[in-house]
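Hi everyone, and thanks for coming along. I'd like to walk you through a structure that is new to most of you, so please have a look at the screen.

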Amino acid sequence: MSTVISLPVRRSSSKTTYFTRPELDQLLSLYSKHVATGEWRDYAIDHSPGLATFSIFRHAHDAPLFSVAKMPSGSQRNGPYAVFKGKEKLKQGRSLSDVLRVFEKQLRVIR
């Protein structure tokens, strides 16, 4: 016979930050374009109290090439979204589409 045991619920004092469905659509759309060109090969999504991170990898066993972070609203003066290359912050802004412009390729003249 089975016995049901009630376990205490662990509640975190701070709320976990998540990407919304439209944000994930933007991130995965960008990711798929770079996968098609062979630049990126893997990604990881992490959600924790106060931070959601979309990390982009060339190889699964390497450190991430880039990380797109979402911090809680109001916690960052320059906006809740940021793009990092390693520890270097490439761009921070108030909308995800603004910070993702970092990945747009610049046109150049070829002679």
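Let me begin with one word I'll need throughout: a residue is called buried when its relative accessible area is under 20%, exposed when that value is over 50%, and partly exposed in between. Please also keep in mind that this is a predicted model.

First, the overall layout. The chain has 111 residues, and 28% of them are buried. It contains 2 helices and 5 strands, and if you follow the sequence you meet them in the pattern α-β-β-β-β-β-α. The accessible surface adds up to about 8,500 Å², with carbon and sulfur atoms supplying 52% of that. As for contacts with a separation of 6 or more, 31% of them are between residues 24 or more positions apart.

Now to the sheet. In what order do the strands of the open sheet lie? The order is 1-2-3-4-5, and the pairing is antiparallel. Strand 1, residues 42–48, and strand 5, residues 88–93, are at the edges; each has a single partner strand, so one side of each has no neighbour in the sheet. On average, neighbouring strands of this sheet are turned by 15° against each other, if you ignore direction.

Let's zoom in on strand 3, which covers residues 66–70. Is strand 3 enclosed or open? Here 5 of the 5 residues are buried, so strand 3 is largely enclosed by the rest of the structure. F66, V68 and K70 point one way from the strand, while S67 and A69 point the other way, and all are buried.

What about the strands that pair with it? Strand 2 and strand 3 run antiparallel and are joined by 5 bridges, and S55 sits opposite S67 of strand 3. Strand 4, residues 81–85, also runs antiparallel to strand 3, and 4 bridges connect the two. A69 is opposite A82 in strand 4, and K70 has Y81 of strand 4 as its bridge partner.

Next comes helix 1, residues 21–36. This helix lies across strand 1, strand 2, strand 3 and strand 4, and runs at about 160° to strand 1. One residue in helix 1 I'd like you to find is E23. With a relative accessibility of 7%, E23 falls below the 20% cut-off and therefore counts as buried. Setting aside neighbours within four places in sequence, E23 is in contact with Y18, K70, Y81 and L96. So two names from our tour of the sheet come back here: K70 and Y81, which are bridge partners.

That brings us to charges. Side chains of opposite charge can pair when their charged atoms come close. How many salt bridges does the structure hold? There are 2.

In one of them, the side chains of E23 and K70 meet, at 3.0 Å from N to O. This pair links distant parts of the chain, with E23 in helix 1 and K70 in strand 3, 47 residues apart. Their C-alpha atoms are separated by 9.9 Å. Both E23 and K70 are buried.

The side chains of D98 and R101 also meet in a salt bridge, here at 2.6 Å from N to O. Are these two residues buried or partly exposed? D98 has a relative accessible area of 28%, which means it is partly exposed. R101, at 44%, counts as partly exposed as well.

Finally, let's go to the surface. Which residues form a nonpolar patch there? They are L28, Y43 and I45, and together they offer about 220 Å² of accessible area. L28 belongs to helix 1, and its relative accessible area of 33% makes it partly exposed.

To take one picture away with you: helix 1 lies across four strands that include strand 3, and a salt bridge between E23 and K70 links helix 1 to that strand. Thanks for listening, and I'm happy to go back to any part of the screen.

Definitions and conventions: Residues are numbered from 1 along each chain as its sequence is written. This is a predicted model: local features need pLDDT of at least 70, side-chain atom pairs count only at pLDDT 80 or more; totals for chains, interfaces and linings use all residues. Side-chain values use heavy atoms; hydrogens and water are left out. Patches are made of residues with over 30% relative accessible area and no salt bridge: like charges are joined within 9 Å, nonpolar side chains (Val, Leu, Ile, Met, Phe, Trp, Tyr) within 5 Å. Accessible areas come from the Shrake-Rupley method with a 1.4 Å probe; for residues, only the protein chains shown count as cover. A salt bridge is a side-chain nitrogen of Lys or Arg within 4 Å of a carboxyl oxygen of Asp or Glu. Buried means under 20% relative accessible area, exposed over 50%, partly exposed in between (1.4 Å probe, protein chains only). Contact means heavy atoms within 4.5 Å. Two strands pair if DSSP finds at least two bridges between them. Axes are lines fitted to C-alpha atoms, for helices over the stretch in contact, and angles run from 0 to 180 degrees between N-to-C directions.
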